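Here are two short exercises on how helices and strands are arranged. Grab the structure and work through them step by step.

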Amino acid sequence: MPSALENIVLIGMPGSGKSTVGVVLAKAAALAFVDTDLLIQSQAGESLQSIVDNAGYEALRRVEEQVLCNLDVAGHVIATGGSAVYSARAMQHLKRNSVIVFLDISLATVCQRIGDFSLRGISKRPDQTMEELFSERRALYTRYADLVINGEHKTQDQVCQEILRTAC
């Protein structure tokens, strides 16, 4: 298990299982759980999609960076939003006392799991396709990850057990 000073941070595309796996992982590792998308919504007083609709994707990224940089926890599993990796400052803050785990799934699986992504509050340029977003983000996830877990064709329990075997 991680020491008392460590967290496990989950990064990856929407639909990769960060929140779902995070809850299972926290329970299995006897850690607390925090979903930063919920923190963003609480701080902003509106949904992620509403932030994107009303102020644009850049506003969502700014709020996300602020929330991540202000996060000061130990002994937690932290499920981040898919766009957390756009902030080098936030990722360096998280890396100080965390193992960063990239939950890697294919674009086809992302699309299958999230369906109509226009309702998910995804931080992307209006002219950007899902393929472009996937490619751009995958490079960032790989850059920041201490550990890459292939979540393709695995249950949340299988992904959780793989993280426990390799990260702890």
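**Exercise 1.** Work out how helix α4 (residues 57–70) and α5 pack, and at what angle.

*Solution.* Start with the axes: α4 and α5 pack at about 20 degrees, with their axes 9 Å apart. Axes here are lines fitted to C-alpha atoms, for helices over the stretch in contact, and angles run from 0 to 180 degrees between N-to-C directions. Angles under 35 degrees count as roughly parallel, so α4 and α5 are roughly parallel to each other. Next, who touches whom (contact means heavy atoms within 4.5 Å)? Glu65, Leu68 and Cys69 come from α4, while α5 brings Arg89, Ala90, His93 and Leu94.

One caveat: this is a predicted model, where local features need pLDDT of at least 70 and side-chain atom pairs count only at pLDDT 80 or more, while totals for chains, interfaces and linings use all residues. Residues are numbered from 1 along each chain as its sequence is written, and side-chain values use heavy atoms, leaving out hydrogens and water.

**Exercise 2.** Find the strand order of the open sheet, then place the helices on it.

*Solution.* Helices (H or I, at least four residues) and strands (E, at least two) are DSSP runs, numbered from the N terminus. Two strands pair if DSSP finds at least two bridges between them. The 5 strands go β2-β3-β1-β4-β5, with parallel pairing. That puts β2 (32–35) and β5 (147–150) at the edges, each pairing on one side only. Now add the helices: α5 (residues 88–95) lies across β1, β3 and β4, at about 120 degrees to β4. Helix α8 (residues 156–167) lies across β1, β4 and β5, at about 155 degrees to β5.

How values were computed
Contact means heavy atoms within 4.5 Å. Angles under 35 degrees count as roughly parallel, over 145 as roughly antiparallel, 65 to 115 as roughly perpendicular and the rest as oblique.
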